[in-house]
Every structure is written in C-alpha cells, then in structure tokens.
Amino acid sequence: PPLPPLPARTSKCVWGLLMAIDVTQERGLSHLDFKYLDGAPVCRFPLFNFLQPLPLDWMYLVYVVMFLGALGIMLGCFYRFSCLMFISTYWYIFFLDKTAWNNHSYLYGLIGFQLTLMDGNRYWSIDGLRRPSIRNAHVPLWNYTLLRTQIFIVYFIAGIKKLDADWVEGYSMSYLAHHWLFDPFKVILPVELINLLVVHGGGLILDLSAGYLLFFDATRPYGFLSVTYFHCMNSQLFSIGMFSYTMLATSPLFCYTDWPRRFFAHFPAFLRAVLPLTSPDQQPSASCVYPEISSTTPKLRFKHRLAAIFTVLYIIEQFFMPYSHFITKGYNNWTNGLYGYSWDMMVHSRSHQHVKITYKDGQTGDIGYLNPGVFTQSRRWKDHGDMLKQYATCLSQLLPRYNISEPEIYFDIWVSINERFQQRIFDPRVDIVTADWSPFKPNPWLMPLLVDLSPWRTKFQEIEGSLDNQTEIVFIADFPGLHLENFVSEDLGNTSIHVLQGKLNVEVVEEKKNYTVQPGEQIKVPAGAYHKVYTVSEDPSCYMYVYVNTTEAALQDNFTKLLEIQERARNGTETEPLPPELQPLIAAEGEEVNATDPIVQLFLKRQRRMKEVKKRREAGVLERFERFAVKKYYTIRRGFLMTAIALRNLAVGLPPLEQLTREVAFANMKAPQADGSQEERLKDEVGHGEL
C-alpha cells in the first residue's frame, strides 16, 4: 500500500543532519589524529583481527566520505549512492574498534542500512528537483513499518532488559539520584526513593510503554511528552552524543503521514518556495502496490514480494539478536554478548578497584609488571574476555622490542558490578597469550560472578551509613586458593581489614609474619608496605578495607582553620596581627598574591576553583548556551582544519615540518576563556586533585 513520503523524508533529513554532526563528535573526526596514531605501537580491538586502520591521512578521507554521505541523505542528493557512502564507511569504522561500541552507535548503523533500501528521496529532496518522476511520489508501507518497528524494539527490549533484578531493586544507576536534574523530586521524596521509584521505576515503565504510547492515536500526545522529557534528561545525564536528539527525531514517524504537509501549510506564503510542498498532489510510485486495478497502476511484482519478505525477516532478526548470546558464547562475560546490540542500556554499572598486569619472560623466567592500559587508549578491555585476549596477544608481539622474550601475560582485574563486592573477573593464574578462546565456546578463564553474595549489598548501605565523612571503605570477595597482593599508600595511615565471611590469612611482607583472621575479627595493616590476603576457607571469603586518608584529613583540618582565620580577619574580629605567610588570606579579590606557604597556596587555589565552579553552575541559559556553542565550534573547527590538512597531504604531499607544525597549531587554537585544561581543573576539584 502507498503512503505519502512526508514524515519519513522529514525524519531522514533530520537524521542525516544529526549523523553529519555525529561524524565530528562521537565518531571522532575532531580528534582523529589522537585515535589513529601512525607508526605508534598501539593495541587495537577490531571485531575481526584482519581489520586495521588505514594511514592517518586516508582515515581522514574515510571520514570525509562518511560525512558527505550523511549530508547527501539529509539533502536527498544522489540518495542511494549517499547511503552507500555513509554505511560502508560507518560500518568499517564501527567494526574497527569494539571499545567504542554502544547501543546507539549500533542503532545508527542499522538505520543507515534501512535507509539504503528505502525511497527516502521522494519529498523535499535535490533528487526530486533533478528527477520530476519521483518528486512527491508515494513510498511503500514497509518503509514505515521497518523504521517504526526498529524504534519500538529499541524501547521495548530495553524495558525487558530492565526487568533484571539489579535494575528493579535500584542498584544499576543509583548514583543518578544525586544529579541536579532530580532536585525537584527531592522536595517530596528522599534520595533513596528517588533512586528506586523515579530513576529505576520510571526508566523501566517508560521503556516498556513508550513504543505503545507512540503507536496509538489516543496515547500519542502522552508518549511524545514522556519521551521528550526522557531524552532531554538523558542528554544532560550522559555523554551519549546525538542519541537523545536522534530518538526525538524518530518520534514523528509514529504520526499520521501527512503531518508535515499540515504543519508547513501554516507558514507565511513568502516562505513556501524554500519549504516542503504543502499541496496534496502526489504521484504514484513503482515501489508501491495499489488496491485499484487499472492499466496505469503498478501490479504486484517480484521486488514487492522481496520487500515484504525482507521486512518480516529483518524484524524477526532484530527481535532475535538481543537473545542470540547462546551462539556467541565466547563474548559472554558477567553480562551477555558484545555490548552494543542487546539494548541493555544502563542496566550494568561497573567500578574497578585493582588492575595488575604481570609479564614473565619465557626464556629467563624474569617477572615484571606493566602499567595498566599501556599501548592502548581504551579501558574497555578490562571487562571483556575477547578484548583481553586481543590485548595479551598484542602485548606479546610488542614486548620483545624491549628484550622480553616469549612473554607470558597474566591479568588480575577486580571489578564490582552493580554495587556488589569487588571481585576478580578473570583467572589471574592463566597466561592469556596461550589461553584458549573461541567466539562460540564459553570462556574457560572467566571467573563466576558471586551472585550468592548479592544480598550483602543491603548490609553495605548500613555499614557505610555508620561511617564518618573521613572514613572510606572497600568491600572485597575472593575465591578459595587465591590471594590479593596489595600496597597501602603512606597517606592511608589507619587501614584495617575486617572479615565478614570465610577465613583469611594475612601476610605482612616486611615483617614476614602471617595472621589468621576469622569472621568478625579485624587486623590493622601497615601503611607504606605490601601485604597479602589469602583466602584459606573452602567457600569464598568476604572482607572489607576500612581506611582514612590521614594526609587529606589533616589538609582539610588546615583548610578549616585557614577559613576561620580569613573570616575573622575580613570581619574585623581577629585580635592578633596575621603573620606574613598568612597575609595573602586577606588580599582583595582579583589581586595577585604570592603565597609562600604551600598550605595557603592550596587553600587559595581551592577557593578560586570553587568560585569558578559556582559561577559556571549559576550561569544563565544564554551564558551556558554560549559556552556550549563556543566549545562545539572549536571542536568542529579543529576537525575540519585537520581534515583539510590531510586531504592536502594526499593531493600534493607533505609540506615542510615547520609549515605542518604551524598548521596543526592553528587547528588546535581554542577560545581564550576555555583553555584546554579548564574542564579538567573543574573536574579535579571534587576529588581534591591537587593532593
């Protein structure tokens, strides 16, 4: 059956624009030279090991092709060719780096593939101007069916995945409840209920119901309101690029197909020349089958049957893929499958406490340690067995350059998923270089997630609630026969191990002494020294480190005293004259001071940074938008200038090094008020980065 081409073309136009922007943002055009380092020893994580990036200048050309393809989709210019330009380069870049995979990047590729097969250039397109025979022609119903079903699947399967016990009980995204976006709810609800009811309960209900709300006429206004609010919040909560705006752009697909015509008909007549057509005249299309039987209307052909079969099979495949992990068992870890096509968005949160990479020279037996993340720019390998295997293989090829022969590589990685105990994810006794791995067999060196210990999370909250603000705590679980080797920083002057379950043997390396610790008992471990914690019970052990950063605590005490002195000096209640090293405390705002005391320096630096943070948080809408626009301008500017340099290099060759240096420096130029380290400085403050 035929349908007007209006809403599909409108959504595709917006989608093409968003993809063009995405090329410079999340796809990485603006920092391509940092991502693909020519000649540098870098470990990469492609889906297929034979895939490798092209030389840097050629990678810029790949991105140019992808960008032009997105623009072609937006404008409806050489539409089918533009779609092929986009999806061929997009999927190449997608398969080139598994560490960048996520659900919405996968979705972009799927939509690009669908658009290639659709008649997306029938309305408000350059192709329509070039070819009057397709201008304002009908499009087949399966085009709409495919896109609507795809968006429905994104919502609905995401909701099904959120029926996971961790999400329902509020452990997946509990930190979100403290975000300022949820401040209005704090007027009537405590943070705990905001986390359970609003963050997790609201997210579950919206994902399960959004597709249905958008589909039916009676509920569509409520669906639009819900998903708009939801995606606007997500755009502020997460760094997810164009995803929120892309989902907003797809919502009109569920409306009646003539809504753009009715919408643009309200605009003034003098704008009609540049706006989409508003006349009801439409042309029949060879892609459609019409109910009327006449000599002039297309009849049912093989391509129509093929389109119907493809639509049915594609929809079945999309419902099957999120549950296909029983086939690709090698990619399963504590969560199933390669993250990206399961629609389990935000269901799992992880924190890493301890990562140790040990190498052993296969000829001499010498043992050494590598900095975690050496030779790679990603951190995702720590959670995925397939990436760990690729990383170990790459390290085994690079280490011989540093006189390490036939290296064996061992990983000791501790992870907490959804606020559980920190525990090992992979067996630290297995040489990953020679370990077996297959995409179709379970990973033999994956350690099981200790789900039986999940009820302890309720106890964690009670224990953490009983601590003061200066005391920190880490919960550990370990397997029988294994041990944790740990070093206590000298800043942590009061560190102890408390046993919750199982039996431990604690070895203090310097003292060469061993201590047996039972459940309910504790032992203090020395600062500035190594110790080892052995699990000697038959069942997994559970224990916790309780510690105080004595250096930071002392610094905070000094800050408090300095603040009191500063306030007394400024309000005239200070009776004693300030010594020279404290005189900078009463300097006028904006006045240059030369503090000689290091504590006073840190105190004044902290005050300046807190004022910056407060100023940014209290900025008005216009100031925030200006800051956002300037940041994006310089990001996009760098991407285009570096692209121009690369294309020039391909066309006429490399210029002299001095000229190339000047060109790159010009591309790196930033706004005066937004120097490169400002964002980092502001983020630093919360964690007292100056320590």
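**Rings and burial in a predicted model**

Modeller: This is a predicted model. In helix 11, the residues that come out buried are F243, S244, T246, M247, A249 and T250.

Biologist: What makes helix 11 mostly covered?

Modeller: Helix 11 runs over residues 243-250, and six of its eight residues are buried.

Biologist: OK, on to the rings. Why are F48 and F50 called stacked?

Modeller: The search of the whole structure turns up 38 aromatic pairs. In the F48 and F50 pair, the centres are 5.7 Å apart and the planes meet at 15 degrees. Pairing needs centres within 6.5 Å and stacking needs planes under 30 degrees apart, so F48 and F50 pass on both counts.

Biologist: Why does F50 count as exposed?

Modeller: F50 has 67% relative accessibility, and exposed means over 50%, so the label fits. F48 has 37%, which lies between the 20% and 50% limits, so F48 is partly exposed.

Biologist: How do you know that F152 and F156 are stacked?

Modeller: Their ring centres are 5.4 Å apart with planes at 15 degrees; that is under the 30 degrees limit, so they stack. F152 and F156 are four residues apart in helix 7, about one helical turn. Residues three or four places apart point the same way, because an α-helix has 3.6 residues a turn.

Biologist: Why is F152 called buried?

Modeller: Its relative accessible area is 17%, and buried means under 20%, so F152 qualifies. F156, at 21%, counts as partly exposed.

Biologist: What makes K161 a charge over a ring?

Modeller: The charged end of K161 sits over the ring of Y323, 5.1 Å from its centre. The distance limit is within 6 Å, so K161 meets that part.

Terms used
Residues are numbered from 1 along each chain as its sequence is written. This is a predicted model: local features need pLDDT of at least 70, side-chain atom pairs count only at pLDDT 80 or more; totals for chains, interfaces and linings use all residues. Side-chain values use heavy atoms; hydrogens and water are left out. Buried means under 20% relative accessible area, exposed over 50%, partly exposed in between (1.4 Å probe, protein chains only). Helices (H or I, at least four residues) and strands (E, at least two) are DSSP runs, numbered from the N terminus. Rings of Phe, Tyr and Trp (its six-membered ring) pair if their centres lie within 6.5 Å; planes under 30 degrees apart count as stacked, over 60 as edge-to-face and the rest as tilted. A charge sits over a ring if NZ of Lys or CZ of Arg is within 6 Å of the ring centre and within 35 degrees of the ring normal.
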